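Work through the following exercises with the sequence and the coordinates at hand. Each task is followed by its solution in steps.

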Amino acid sequence: MATTEWESLTLGQNKTIQKIATAAAKASELLDANVKLASGTLKAAGIFLQGLLGPYILLLRTTADTIDDFVKDFKNIGFFILEVCPDGKYILPKDADGNPIKILVGGIEIAANASIAAAAGQTIEFKEWAKEFLGEEDIYLTGAQKANYPVEVGKSQPPANRTDNANDNKLATLDRLTGLYKMTPSQVIATMIAAMDDELDLRRPQLSSSAEAGALVMIVGVSDLTKNLANLQSIFKAFLTFFGGEEKKDKSGKVVAAGGVATGVAKLGSLIEAALGQANDPSKNDTTLTVNGICGVRGTEDDKIVLSTSFQNKIPYCFGAGGTTPNLFELNDFVVGPRVKFGQRCMGYVSKINSTEADTEAVAGVPQLGIPASTKESEIYSIQELVIRGVTELDAIGFRTLSTGAKLQKVSFDYRATVSVDQNSGTVVKEGPYNDFEYIPNLPDQEYADVETVSDMILTHPIAKGAFTKVVHNPSADNPWLLKKMGDGVDIREVHTVRIDNFIGKHITKNTVIGDILSPKTPEAPHPNFKASKLEDLIGDFNVFFASIDALTDTLRKMADDAGKALQDIIDYLDSKIAELEEINAALQKILALFSIGLPAAGIYTLNIPVAVGGNDYIKEELQGAANAPPDSLDFTFGFMLMGEGKAFKTMQDLLIPS
Amino acid sequence: MNTTNNKEENVEWEKMGQEEKKPPKITELVKLMIDSNNQQKKILEETKKWLQQNGNR
């Protein structure tokens, strides 16, 4: 079964709709009760107060009646719901026969993409893509010859640009700056089509070709996560306010959006919140590591051989204090640690040095003379307790969980960027600049800066005489995920006089610092851990019930103690209710913005598939071929699909679609 | 495209907020909810005011 799962429900099951139907009446009843209680206990003129509020209560009941009339028409409509929210579990979408899903791309769109690719210097790449995916031998010679091309949907990046999961069946791509998984609109749509054929999902809609069916699909997408993540978060909140359920608190007291029917959106919202949190407060990615055996290292294994065999005065490969380059990790040093996956090492920098001291070295004993083995302070190796700040949350997790026994190595920071042809639509996609590193011994020893132009981006890469060894996060920058290099670059070269085959010459090593991570300091106890739990945690809906009882009994108890204090308690209670209503209204304003102006900072695309005969096949075909699909330059998208049977679903479409 | 269904035109994706169309009905409902909340708020505020002026008499 794919990671997408259908849910079947009615709109009346939605918490927000339930609240709409009952909130007004409940609030006025509760208010009546409170006012009576207050006036009775305080010996005040309750009747007078009720008379004062009468017109307001009447108006409220009229509004509640209008809401009831509005809601009763649609609250029992049944529909299926599917969310596609990017994560690492999605697999390449296939139909019931195991063939890749194809999406129609228009010939006009192909021609436009060909021009854009040529302007971006991607002519060869686009030509190859058109040959492989469209069957056009030379797209720049013949142009797009068909009105529509069915294109197989798979990974979005070309094989040469894939840095992880290059050849497996994973669909989503990991964003190199924010650490979030991302999917393009084509991938989201193809996943929706595949989910309709997923035989292992027993809750999926299975409407025959003679059944009437309709659907409403929404896709929300942004093209640059670093600029639009905050906007995306506000859209998520609006979505969750409408489609989601009650918020819950986890065992540490942190508020977790339960999601209601939109559990995937809720999870994605939490991930986005975490990513924004890291950007605003990078210290969330800190890990304290104890690192021993730290020393300066002169170049590579080849240098080691030269240093040990070819010099008149042998120069040690590993060195302590007194060298021309550092032998210890320093504040803001850019480092790499354990591998989180094949070929990729965790990146971070030293945000604090807790301690530095000499490491110990074993001294062999001399049994014949009765001298036992002992230890002494090392003149070369040191031990440091360092706080390492992961570049992303994924890096921080790697440092926390995979560090023990791994090497910590000082490297040079580097900027990278890529331009590629999206494999599902031919759209030219730019990515970057993003954070990367280069091993210090690999830095080119050249006089002038190594400058690269990638599309409209100019990148200056480090060289041996100008290594970017120190970095820092910059939360106030336009792109807070991109590290800021400190200084203009450090010369990490060391020149040695050598004698090889009786000739004297110079040998240059590019020096770094390396240590062995003993262990990360983790505040959590090892598993398994006991959990503190209450009945109300197990039975979510009872929370409200218990809270109400507590509030009521507390109020009564306090009233019995002191009438003056009880008055203040009631006023506090009213203040809290006023604040609660203001909070709900703020959320409702977001929903209003979502459905009326579409929050244009990000793209919200809708596809209304009108109710018609054709069942599942009809919906799949419309999804596959609908024109003006959101462009694949939106590389972070999530989708939401509602599908229903018969005329009843039309009421739902009327409710949610502009007319 | 399916030839058995009874729909009249091909469907197209639309970008919300950019077409000159009447907002969906859900916006009417949300406006009603906001009205309702504002009325509730007014009642609570009036009650608070009254209690502050008359509560201890």
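**Exercise 1.** Compare the expected span of helix α3 (residues 107-119) of chain A with the distance between its end C-alpha atoms.

*Solution.* Helices (H or I, at least four residues) and strands (E, at least two) are DSSP runs, numbered from the N terminus. The expected span is 1.5 Å times one less than the number of residues. For the 13 residues of α3(A) this should give 18 Å, and the end C-alpha atoms are 19 Å apart, which agrees.

The model is predicted: local features need pLDDT of at least 70, side-chain atom pairs count only at pLDDT 80 or more, and totals for chains, interfaces and linings use all residues. Residues are numbered from 1 along each chain as its sequence is written, while chains are lettered from A and ligands numbered from 1 in the order in which they are written.

**Exercise 2.** Determine which residues of α3(A) are buried and what covers them.

*Solution.* Step 1: apply the burial count (buried if 20 or more other C-beta atoms lie within 10 Å of the residue's own, exposed if 12 or fewer, partly exposed in between; C-beta atoms are placed from the backbone). The buried residues of α3(A) are A:Glu109, A:Ile110, A:Asn113, A:Ala114 and A:Ala117.

Step 2: look down the axis. The buried residues of α3(A) fall within an arc of 140° (taken from the directions from the helix axis to the C-beta atoms), so they line one face of the helix. The face turned away carries the exposed residues A:Ile108, A:Ser115 and A:Ala119.

Step 3: list the cover. It includes β3 (102-106), α4 (123-134), β16 (412-421) and β17 (428-438) of chain A, among others.

**Exercise 3.** Describe the contact between the two domains of chain A.

*Solution.* Step 1: take the bounds, which come from an automatic or database domain assignment. Domain 1 is 78-236 + 594-652 and domain 2 is 283-521.

Step 2: count the contact residues (C-beta atoms, placed from the backbone, within 7 Å). Domain 1 of chain A gives 35 residues and domain 2 of chain A gives 23.

Step 3: find the elements. On the domain 1 side, β3, α3, α4 and α6 (185-196) of chain A each supply at least two residues.

**Exercise 4.** Which residues touch the most other members of the largest nonpolar core?

*Solution.* Such a core is a set of buried Ala, Val, Leu, Ile, Met, Phe, Trp, Tyr and Cys residues joined through C-beta atoms within 7 Å. Among its 101 residues, A:Met192 and A:Ala215 touch the most other members. At least three residues come from each of domain 1 and domain 2 of chain A.
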